[in-house]
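Student: I would like to go through this assembly with you, beginning with how the chains meet. Could we start?

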Protein chains: 4
Amino acid sequence: MTDRKTRWRRVIFATDTQAGHRFDLALILVILASVLAAMLDSVESLHQQYGRLFYLLEWGFTLLFTLEYAVRLWVSEHRRAYAFSFYGLVDLLSILPTYLSLLFPGTHYLLTIRALRLLRIFRVMKLAKFMGEASQLTQALVRTRRKIAVFMFSVLVVIIIFGSLMYVIEGPQNGFTSIPRSIYWAIVTITTVGYGDISPQTPLGQLIASLAMMTGYGIIAVPTGIVTAEISVARTRWNREKSCSACHCDDHDADARYCKRCGAELLTPSE
Amino acid sequence: MTDRKTRWRRVIFATDTQAGHRFDLALILVILASVLAAMLDSVESLHQQYGRLFYLLEWGFTLLFTLEYAVRLWVSEHRRAYAFSFYGLVDLLSILPTYLSLLFPGTHYLLTIRALRLLRIFRVMKLAKFMGEASQLTQALVRTRRKIAVFMFSVLVVIIIFGSLMYVIEGPQNGFTSIPRSIYWAIVTITTVGYGDISPQTPLGQLIASLAMMTGYGIIAVPTGIVTAEISVARTRWNREKSCSACHCDDHDADARYCKRCGAELLTPSE
Amino acid sequence: MTDRKTRWRRVIFATDTQAGHRFDLALILVILASVLAAMLDSVESLHQQYGRLFYLLEWGFTLLFTLEYAVRLWVSEHRRAYAFSFYGLVDLLSILPTYLSLLFPGTHYLLTIRALRLLRIFRVMKLAKFMGEASQLTQALVRTRRKIAVFMFSVLVVIIIFGSLMYVIEGPQNGFTSIPRSIYWAIVTITTVGYGDISPQTPLGQLIASLAMMTGYGIIAVPTGIVTAEISVARTRWNREKSCSACHCDDHDADARYCKRCGAELLTPSE
Amino acid sequence: MTDRKTRWRRVIFATDTQAGHRFDLALILVILASVLAAMLDSVESLHQQYGRLFYLLEWGFTLLFTLEYAVRLWVSEHRRAYAFSFYGLVDLLSILPTYLSLLFPGTHYLLTIRALRLLRIFRVMKLAKFMGEASQLTQALVRTRRKIAVFMFSVLVVIIIFGSLMYVIEGPQNGFTSIPRSIYWAIVTITTVGYGDISPQTPLGQLIASLAMMTGYGIIAVPTGIVTAEISVARTRWNREKSCSACHCDDHDADARYCKRCGAELLTPSE
């Protein structure tokens, strides 16, 4: 019994066996198909023609994923840990909308949250390389979280002030019907999206808007600068992991091929 | 008497005591509530239903903040310095709009300038870390002020020329009713916001507009480059402040854990 | 016979002879003319006046390019290699649309794919310098392909989720008529393009849209950081190729003029 | 006579005397006033009220600048060099539109080209610092000109292809009335400006447009990376100009305070 459980665990959670690799590949194809079905079902003309088929498909996929979720829970050694991990929560959220749609019609379109499950794809592809790059990126982003938080909070304060200023200047007659809506406009402007659904009409409003645009255009440099500096450091650190197998010194340049202390050839990590 | 003043000063201006920490936390919650009230009051439907409540809340908050401002002035050692500091001015501006609204109706929406007071939040949160990151960022931005000024001024000259060129080419019949308005269009275009409230109609105008867009798209690289270079340097400098307590040498790499000269362990500054 | 073939090959494929240089220059002018003709032919007023001329020109250029393609195939040593190379395929695609337009009218506007042939221009201009810069850039981009792929895939998943969320919230009555169309909106928003052809109308939709914009505004930092770090490295590496002709060490700084080991003067590569 | 010429030359072209400094300051104020007058004249309501005043002001400024140009030509040692220098041409272009407007009405709004003369402002402000920063920036940009050219040309080719593809797919009935206009749309899209005056209507067109947006969003990283790498290098080089006055070695780190060879204190250049 336990033996079978261990075997299943290797197939479902690991990718180092051929069976595990095939399982992950099949899973991703099924996820893709289910996301695509939910998307196409939302197109009016297709819904009218194939609505019944999509309905059956949706329940089929949901039952399949429910079964998979149950098996995952059953085989995992640390059930709580899996259930509350990122992928565990995503797996649960991927099946809930269909059941919820029995109570609240329309929510089943949230099924596309299944797309998050596609992130497993990095595990299926040539593992070491992509996971390495992904973790390098994630590391750099995690390390900048505080700087980015300081930046985002300051920008939000600036946005609130620009928004309420424009509400006072332009007023409801020019589309700025409330401060929350003006703040929405300020976000659209400072992020340089610029829908144009609300735009300033008075000369003073256009002057303030110009200042908001210049601000948004200029401060994009800040998060970029923060992240770039971190990625540069992460990239260097990564290369430093080329450690010499002879003398164990690990402070080599990015383009070093021989240990600078003892001259032994360096084992290059997969780049 | 003076003793009580000192005690109050520690509570209001410092955050190293529990009372001071609690005071700041409470203050931020009250500020948030007052900003939220001003925002919601501007929504027409809410204003009609709860207008009276919002009016009372606004005066309540304003009197509270006026009291706080008075106490701050009373307890601070250097009154002039506080009154003309960034936070001192913000504290004053946060109470003025309500009094002004007695004379000029509508200005009380400027109360959202209180949002600026929220920047105190960095002081309440885990101090050392966030303040460190914030000051690192501020330092880097201060050091780039001259380069950014040169850049912004040059961009402004380019914008004026593009704007008046388009006024001559497109003319009032296509929405470019005056040079100031055309300059507004040029800012909307070069910052890549692109509302679309004014857009070129003639082929020649579209050609010039294309040039303006390419310019805006290309030169965003300049402030980004400036800030990134500074942040990289600031980051390095910060790490260099890891100085060895044994031999006082302070030229260590970002990832050094031991002094490279004497091998003593380095005290890592909170990152 | 073979002799003539070799001579032709040098003229057509190489640029180190005067004849080869002239041939490439003439070719680029003819390509430019043919692209321009296809463009102008699409303008309704010009088509009505000069339609016949454009038709003749198009067939003239196509026959000329067909002849050129045949000669290239004839003279090249490795015919398969040329036919399946990037430029070989572009050369073929540049003549197909005209022939196809006999079967499917309208497709001949795809002739502008000939613009891709213009990339040969880098070969004609001062060779070493531009090719060096271009290959430096290409190298850096190739080396970041995996990081960019990880980033783009993650962004796509985020876009799908934002898109279907907005479909559920805003619904068909506000322009979000299907999930694919909502995903199109999400792409327009997250890339900060912001046409405004579809824009959120409900307060909740505007809140979610604001989050999408902030996301798009913030994560632009990631590809920029990745590419910047790579270009910095590529730039350093390039400079390192200054190798000393005396002791063959090649680890010199960007501004080194003498070998740091033996003091011999360094041959600077054209920058 | 020559003596007077030399004195005038120092006043007009140099800024190291008090008279020269004052002259430049006065000049900039007059330029600002003249640009402002041209701008305000273009506002319909102001033109109707003060049209006569603006007309007189314009001729006044033009005659003044003509006189200044004549004096500059008269006093300069190398007349041809001045006349064909950047500022010489700008000075000429700043007076031509008024005279041209006698022949072609409307062209006098091009007077705002005078704004270019405002770039002289960097000379008036604390000289060394701003000129240093400006020249550092200019240097970095000049050094990247070839990489940027390669990038811009490649982007242009991509834009032409996206444009003609959309012309074939969407066609005149959806606003893509000709290939040049479709190329204008492609530029609006790839630079992420997104006016929304032309936007794809068919599903296939929206798919292609999405690809164009992702392209534009992604490749902004390239010029940013190029410029950032150059500015980093320029910044380092600048710091390297800290040369030791004792042993004349000039290869010091950015944060060096003592010469690393002889230990003499370094003279820090104004940062």
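Tutor: Certainly. In this predicted model, the interface of chain C and chain D holds 7 residue pairs in polar contact, with both residues at pLDDT 80 or more.

Student: Which elements of chain C give two or more residues to the side that touches chain D?

Tutor: They are α2 (18-41), α7 (121-124), α8 (127-143), α9 (145-170), α10 (179-190), α11 (203-219) and α12 (221-240) of chain C.

Student: And what is that side made of, by class?

Tutor: The side of chain C that touches chain D has 30 nonpolar, 11 polar and 7 charged residues.

Student: How many salt bridges are there between chain C and chain D?

Tutor: The count between these two chains is 0 salt bridges.

Student: How much area do chain C and chain D bury between them?

Tutor: About 4,300 Å² is buried between chain C and chain D, and 72% of it lies on carbon and sulfur atoms. The contact draws 48 residues from chain C and 48 residues from chain D.

Student: What turn lays chain C on chain D?

Tutor: A turn of 90° with a shift of 0.0 Å along the axis lays chain C on chain D, and the RMSD is 0.1 Å. That is the relation of a four-fold axis. The two copies meet through different surfaces, as 15% of the contact residues of chain C recur in chain D.

Student: Let us change pairs. How is chain B laid on chain A?

Tutor: Chain B goes onto chain A by a turn of 90° and a shift of 0.0 Å along the axis, with an RMSD of 0.0 Å. Here too the copies use different surfaces: 14% of the contact residues of chain B recur in chain A.

Student: How many residues does each of chain B and chain A give to the contact?

Tutor: Chain B gives 51 residues and chain A gives 48 residues. The area buried between chain B and chain A is about 4,300 Å², with carbon and sulfur atoms giving 72%.

Student: What about salt bridges and polar contacts across that interface?

Tutor: The rule finds 0 salt bridges across the interface of chain B and chain A. For polar contact, the count between chain B and chain A is 7 residue pairs, both residues being at pLDDT 80 or more. Among the elements of chain B that give two or more residues to this side are α2 (18-41), α9 (145-170) and α12 (221-240). By class, the side of chain B that touches chain A has 32 nonpolar, 11 polar and 8 charged residues.

Student: How many salt bridges are counted over all chains, then?

Tutor: The count over all chains comes to 16 salt bridges. One of the pairs is Arg72(C) with Glu68(C), whose closest N and O atoms are 2.7 Å apart.

Student: Where do Arg72(C) and Glu68(C) lie?

Tutor: Both lie in helix α3 (residues 44-75) of chain C, 4 residues apart, about one turn of the helix.

Student: Lastly, how is chain A divided into domains?

Tutor: Chain A has domain 1 (2-126) and domain 2 (140-241), according to the domain assignment. The centres of domain 1 and domain 2 of chain A, taken over C-alpha atoms, are separated by 37 Å.

Notes. Residues are numbered from 1 along each chain as its sequence is written. Chains are lettered from A and ligands numbered from 1 in the order in which they are written. This is a predicted model: local features need pLDDT of at least 70, side-chain atom pairs count only at pLDDT 80 or more; totals for chains, interfaces and linings use all residues. Side-chain values use heavy atoms; hydrogens and water are left out. Copies are superposed by least squares on the C-alpha atoms of residues with pLDDT of at least 70 in both. Contact means heavy atoms within 4.5 Å. Buried area is the accessible area (1.4 Å probe) that two parts lose on being put together, summed over both. A salt bridge is a side-chain nitrogen of Lys or Arg within 4 Å of a carboxyl oxygen of Asp or Glu. A polar contact is a pair of N or O atoms within 3.5 Å; within protein, one must be able to donate a hydrogen and the other to accept it, and residues adjacent in sequence count only if both atoms are side-chain atoms. Ala, Val, Leu, Ile, Met, Phe, Trp, Tyr, Cys and Pro count as nonpolar, Asp, Glu, Lys and Arg as charged, and the others, Gly among them, as polar.
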